[in-house]
Amino acid sequence: MGAKESRIGFLSEEVTDVELKRLKDAFKRTCGLSYYMGQHCFIREVLGDGVPPKVAEVIYCSFGGTSKGLHFNNLIVGLVLLTRGKDEEKAKYIFSLFSSESGNYVIREEMERMLHVVDGKVPDTLRKCFSEGEKVNYEKFRNWLFLNKDAFTFSRWLLSGGVYVTLTDDSDTPTFYQTLAGVTHLEESDIIDLEKRYWLLKAQSRTGRFDLETFGPLVSPPIRPSLSEGLFNAFDENRDNHIDFKEISCGLSACCRGPLAERQKFCFKVFDVDRDGVLSRVELRDMVVALLEVWKDNRTDDIPELHMDLSDIVEGILNAHDTTKMGHLTLEDYQIWSVKNVLANEFLNLLFQVCHIVLGLRPATPEEEGQIIRTLETDQIYTRN
């Protein structure tokens, strides 16, 4: 099963115009402006984790993938084969993987060598395929293959119901957008725009997941490194160490479009490092340090906190707002404190900018758009000076 040009020219099924458009959009989100998809990206985004690694490499090469990548046209043909190909067409495809350059027959020695590479062994049933000689034509190979669909990993995966690749993704349908719009403060158009941005950001990931390693450099700066992990955790609702599209949508909605109490609840999650639902004295101290850094980075106004001892600020917050008298702030305590606190509101403003400029949320009003543009212009002037 070596690298060959794509030989899949025998398919009877085609894709519809709607399916082709979705696939083109998905391809652009994943590969950017390139017309080619790399092998790692193909295995990760198209085939997924359910395909054995050696089989995945074989599929990539057999579809016409090279060191340059896999062209979109070849990808479409290959996907149709995997998802809609008839058993006869799949048998021809498997035959082509083992066949000679002429494509007329399979040589036993070559097939055994390739199976050793992919499976690490040769099935005992293979001797029946070559019972009449050291090479077989397609008809004999096909007859043996259909009687021994589980003979090797590739035939088992392709012919015995192991393919979990789909031609279209339900998450791309309008119903998905409507569902997200129904549980957030976002419009369907916002979600469609966000999806494009999300896939561009995710494509930069070394692991294929929108994890902290990918997220951190995107938001820092302007977010201080000390806050980037907390911000990541605020988005990562299910705590599986990566942000999926639903989480990014819900997080952006809560941070930028919800009522003030909901927006401050999102900020609370940033500072609640151990996720126990309260801000301890240590977490409060770290929060104040971070908020003072944010203020100094973005404002020149003089405020009393800039001249106070850090411990005095923390104790002042607890004395005024710790309703449980247990040395911590609950979410409700934090929300009451943050409503009129300039440090908390400046941090919320910074998150607002990051969510729009970096993460791709579209401004809800012309006024918001003007606010973001003014901030960008101010930052550019500051950078030049």
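User: In this structure, with which residue does Asp301 form a salt bridge?

Analyst: The model considered here is a predicted one, and side chains of opposite charge can pair when their charged atoms come close. For Asp301, the closest N and O atoms of its salt bridge are 3.1 Å apart. Asp301 is partly exposed, with a relative accessible area of 35%, and its partner is partly exposed at 31%. That partner is Arg299.

User: Which residues are joined into one network by salt bridges that share partners?

Analyst: The structure holds 15 salt bridges. Where salt bridges share partners, they join residues into one network, and the residues joined in this way are Asp190, Asp193, Arg257 and Arg362.

User: How many residues apart are Glu293 and Arg224, whose side chains meet in a salt bridge?

Analyst: The side chains of Glu293 and Arg224 meet in a salt bridge with an N to O distance of 4.0 Å. Glu293 sits in helix α16 (residues 281-298), while Arg224 lies in the loop between α12 (212-219) and α13 (225-235), and the pair thus links distant parts of the chain, 69 residues apart.

User: Is Lys269, which meets Glu237 in a salt bridge, buried or partly exposed?

Analyst: The salt bridge between the side chains of Lys269 and Glu237 has an N to O distance of 2.5 Å, and this pair links helix α15 (residues 260-271), which holds Lys269, to the loop between α13 and α14 (245-257), which holds Glu237. Buried means under 20% relative accessible area and exposed means over 50%, with partly exposed in between. Because Lys269 has a relative accessibility of 29%, this residue counts as partly exposed.

User: Does Gln335 count as buried or exposed, and why?

Analyst: Gln335 is found in helix α18 (residues 331-339), and, not counting residues up to four places away in sequence, Gln335 touches Ala261, Gln264 and Lys265. The cut-off for being buried is a relative accessible area under 20%. Because the relative accessibility of Gln335 is 19%, this residue counts as buried.

User: Which helix gives the largest share of the lining of the second largest cavity?

Analyst: The structure holds two cavities of 30 Å³ or more, and the second largest has a volume of about 40 Å³. Its lining is made by Leu194, Arg197, Tyr198, Leu201, Phe210, Ile248 and Leu359, which by class are six nonpolar, no polar and one charged residues. The largest share of this lining, four residues, comes from helix α11 (residues 188-202).

How values were computed: Residues numbered from 1 in each chain as written. Predicted model: local features only at pLDDT ≥ 70, side-chain atom pairs only at ≥ 80, totals over all residues. Heavy atoms only, no water. 1 Å grid on protein atoms, 1.4 Å probe; cavity = no way out; pocket = protein on both sides within 12 Å on 5 of 7 lines; lining within 4 Å. Points joined across faces, edges and corners; volume = space filled by probe spheres on them. Helix = DSSP H or I, 4+ residues; strand = E, 2+ residues; numbered from the N terminus. Nonpolar A, V, L, I, M, F, W, Y, C, P; charged D, E, K, R; others polar. Buried < 20%, exposed > 50% of the residue type's maximum accessible area, 1.4 Å probe, protein only. Contact = heavy atoms within 4.5 Å.
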